[in-house]
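Hi everyone, thanks for coming. Today I'd like to walk you through a structure, and you can follow along on the screen.

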Amino acid sequence: MIKKYSVKKLLNQGKFLLNKKVLVEGWIRSFRYSIFISLNDGSTIQNLQIVLSTNKLDKIIMKKITIGSSIRVIGIVKKSLGKKQYIELQSLDITIYKLVNQKIIQKSILQPKRHSFKKLREQAHLRFQTNIFSCIMRIRHHIAFCIHKYFHEHGFFYLHTPIITTSNCEGTGKMFQITTMDLKKNKLIDYEKDFFKCKTYLSVSGQLEAETASLGLGKVYTFGPVFRAENSNTSRHLSEFWMIEPEIAFYHLEENINLAEKFLKFVIRYIVENSMEDLIFLNKCLEQCKKKKKNDLLEKLEIILKFPFKKISYTETIKILDKEEKKKNIKFSHPIIWGMDLKSEHEQYLVDKYFKKIPVIIFDYPCSIKAFYMRMNNDGKTVRAMDILFPEIGEIIGGSQREERYDMLLQRMKDTNIDFNKLWWYLDTRRFGSVPHSGFGLGFDRLVQFITGMNNIRDVIPFPRTPNNAEF
């Protein structure tokens, strides 16, 4: 029986398979001089060159072949005469699965020319077949895989938290409501008659449920979709996205900060070691798109790995920004005042300019701008929160040491108008052997955006969900 190979495996093992008969399948990327087919099956950015023979069957096929068509090839592996590849496949038999009409190709993003990312999004069902998007999706897969690998190797348990919820974890922001009732017909809505007998939403976070699990399992993490209904049409926001949220018992803020830095460096190092082929291709594409002689995608990733992250308090951050504004005559759109929520302009200046693209960890934020579950410091003004800022994209991780003291948590819930009747179970965990514990949330899609160098987060997720857009 003839053994079937992926294009990637065949190219990697080709020198050991010379003069062997093999089977490959894929899509035609190009057809040159009526004899050379470039075949790709999605397993790699590299194409396999198929050399057609002069037999009658291949001559008939030559007349039919079109770009985008899917084929099955049986052939003999030969050392290539060309310099671009070590091996090629001399065809013995070709089966056409499906031909593509060239008039259709000319109207699609599969037409062999450069298309804008906006155009690719408009035909999202086809962009998996483009070189750039297949690169991004392979890298996305490897990032997801190594996240599970890291946590598994460090003793964490993977937890599935509910997507349907009755509460807002952050206490702020808009949520998508779920109901089986006709809200137009019912002016006076009785949610006792709804499917869950109460008002329910799509979850914005699995953190609170993960905390309860950590207080029995020690180390847990979630990795799943979350939903936010803010009408935000920026290059960094999605309405449906993926979050990674580890929660660890017996962990203080300093340990949480160290874990987050080690975790991010592990992921980026894994991608540099396992996806270099795709990174190099993306780097070249970005150079062409941005019309730069040299793009710094690989250099940017190396900086993350090379230097320790800068660690400064929120108060120090305000002092730095205030001093820089006066010293260098910078005019921020939002004035620098202690107690303000840092805006993207402040974050980007701090990372890109002041610390020269080295990631920054800011900790001990004012309690007035952070969530109710963060542990209050002894000063009564700040909480044990931390954010990690990356160059270009700003905040990539947000976390904190959680408030483990029952009375303090209850008071914070009252101060921030959190309905503790809905979160009684969360408060209740503080009465059963409560311990210091910490955790953080990482926006998975934003991490993919950073690693791939994409300007728009909509270009790193298969089918983006954003305001006014839920197609595909």
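I'll talk about a sheet, the helices around it, and two residues with an unusual backbone angle.

Before we start, please keep in mind that this is a predicted model.

Let's begin with the sheet. It is open, has 8 strands, and runs in the order S7-S11-S12-S17-S16-S15-S14-S13 with mixed pairing. Which strands stand at the edges? They are S7, residues 157-158, and S13. Each has a single partner strand, so one side of each is left without a neighbour in the sheet. If you are new to sheets, here is the background: strands pair through backbone hydrogen bonds, and they can do this parallel or antiparallel.

We can find both kinds here. Take strand S13, residues 310-313: 4 bridges join S13 to S14, and the two run parallel. In that pair, lysine 310 has valine 360 of S14 as its bridge partner. With strand S15, residues 382-390, S14 pairs in the antiparallel sense, over 6 bridges. There you can look for proline 366, which stands opposite threonine 382 in S15. Another antiparallel pair is strand S12, residues 240-249, with strand S17, residues 437-443, joined by 5 bridges. Alanine 249 has histidine 437 in S17 as its bridge partner.

Two helices pack on this sheet. Helix H6, residues 207-217, touches S7, S11, S12 and S17, and its direction makes about 30° with that of S12. Helix H10, residues 314-327, touches S13 and S14, and its direction makes about 95° with that of S13.

Let me stay with S14 for a moment. Is this strand enclosed or open to the outside? Of its 7 residues, 360-366, 6 are buried, so S14 is largely enclosed by the rest of the structure. One residue of S14 to pick out is aspartate 364. Its phi is near 60°, a positive value in a residue other than glycine. To see why I point that out, remember that most residues other than glycine have a negative phi. Aspartate 364 has a relative accessible area of 17%, and since buried means under 20%, aspartate 364 counts as buried.

Phenylalanine 472 also has a positive phi, near 75°. You will find phenylalanine 472 in the segment after helix H14. With a relative accessible area of 39%, phenylalanine 472 is partly exposed.

Now to the helix pairs. The axes of helix H5, residues 131-153, and H7 come within 9 Å and cross at roughly 135°. H5 and H7 are therefore oblique to each other, and their crossing is right-handed. Many residues meet there, including Phe145 and Tyr150 from H5 and Phe263 and Phe266 from H7. The residues of this H5 and H7 contact divide into 13 nonpolar, 1 polar and 3 charged.

Helix H7, residues 253-274, also crosses helix H9, residues 297-306: their axes come within 10 Å, at roughly 135°. That makes H7 oblique to H9. Which hand does this crossing of H7 and H9 have, left or right? It is left-handed. From H7, Lys265, Ile268, Arg269 and Val272 meet Leu301, Glu302, Ile304 and Leu305 in H9. The residues in this contact of H7 with H9 are 5 nonpolar, no polar and 3 charged.

That's my tour, and I'm happy to go back to any part of it on the screen. Thanks for listening!

Definitions and conventions
Residues are numbered from 1 along each chain as its sequence is written. This is a predicted model: local features need pLDDT of at least 70, side-chain atom pairs count only at pLDDT 80 or more; totals for chains, interfaces and linings use all residues. Side-chain values use heavy atoms; hydrogens and water are left out. Buried means under 20% relative accessible area, exposed over 50%, partly exposed in between (1.4 Å probe, protein chains only). Two strands pair if DSSP finds at least two bridges between them. Axes are lines fitted to C-alpha atoms, for helices over the stretch in contact, and angles run from 0 to 180 degrees between N-to-C directions. Angles under 35 degrees count as roughly parallel, over 145 as roughly antiparallel, 65 to 115 as roughly perpendicular and the rest as oblique. A crossing is left-handed if the near helix is turned anticlockwise from the far one by less than a right angle, and right-handed if clockwise. Contact means heavy atoms within 4.5 Å. Ala, Val, Leu, Ile, Met, Phe, Trp, Tyr, Cys and Pro count as nonpolar, Asp, Glu, Lys and Arg as charged, and the others, Gly among them, as polar.
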